[in-house]
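Open the model in your viewer and keep the selection tool ready. The tour goes from one helix to its neighbours.

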Amino acid sequence: MPREICPTCQRPLKVCYCSALVRIPNRIQVLIIQHPQEQKHPFNTGRMAHLCLDHSNLVVAESLSDAALAELLKPHSALLYPSLSWLPEVSQVEPGTPQAQALEQLVVIDATWRKSKKMLHLHPVLQQLPRVSFEGALHSNYQVRHSSLENSLSTIESIAKAMQVLEPDTDFQTILQPFEKMIALQAQQG
């Protein structure tokens, strides 16, 4: 007999984290472009972030046409991604600057590092967006899944950190409540 799946979080009912979901009234829209393999991953933190943010859009696609991407992007958008050497140099969105205050949309790629790199290569427009990046040591609570890159955060942790910097008057740390519940439920099952 197949396991019952929650229609909201798409997890088996015994590990459903929906009771920990929060609603956050964010000003800056978060556009999450999710690789199709992430959609099916049991620890889909991109979807989790989407469920918590009032102004978010989740698009599942490895590749989008130029027209589809142009329709999704707002005039004042920035990409949440590290400033890696292979990417073109663009302006960094610094907190409290006029550029940060004018920001309408934060674009997030939800994929493994390898897949996100491929998605960026397929979408040069995204490479040219101003960038939101973090510096210094980062610590992830994502014990279930590990990144191939040092100093990495899960998608939901990255969104919470970026939005907290961009909209400091809103508490974005509460977005991590369903994430922490998912980790706890997984530890109980393990």
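Select Ala 187 and Gln 188: these exposed residues (over 50% relative accessible area, 1.4 Å probe, protein chains only) sit on the face of helix 8 turned away from its buried side. This is a predicted model, where local features need pLDDT of at least 70, side-chain atom pairs count only at pLDDT 80 or more, and totals for chains, interfaces and linings use all residues. Residues are numbered from 1 along each chain as its sequence is written, and side-chain values use heavy atoms, leaving out hydrogens and water.

Now pick the buried residues of helix 8 (under 20% on that scale): Pro 178, Phe 179, Met 182, Ile 183 and Leu 185. They cover an arc of only 165° around the axis, so they lie on the same side of helix 8. The arc is taken from the directions from the helix axis to the C-beta atoms. Helices are DSSP runs of H or I, at least four residues, numbered from the N terminus.

What covers this buried side? Show helix 2 (45–52) and helix 7 (155–166), which are among the elements covering the buried residues.

Look at that pair. Helix 2 and helix 7 pack at about 40°, with axes 7 Å apart. That angle makes helix 2 oblique to helix 7; oblique means outside under 35 degrees (roughly parallel), over 145 (roughly antiparallel) and 65 to 115 (roughly perpendicular).

Finish on Met 163, in helix 7. At 0% relative accessibility, Met 163 counts as buried. Select its contacts (heavy atoms within 4.5 Å): leaving out residues up to four places away in sequence, Met 163 touches Asn 26, Ile 28, Val 30, Leu 106 and Phe 172.

Terms used. Helices (H or I, at least four residues) and strands (E, at least two) are DSSP runs, numbered from the N terminus. Axes are lines fitted to C-alpha atoms, for helices over the stretch in contact, and angles run from 0 to 180 degrees between N-to-C directions.
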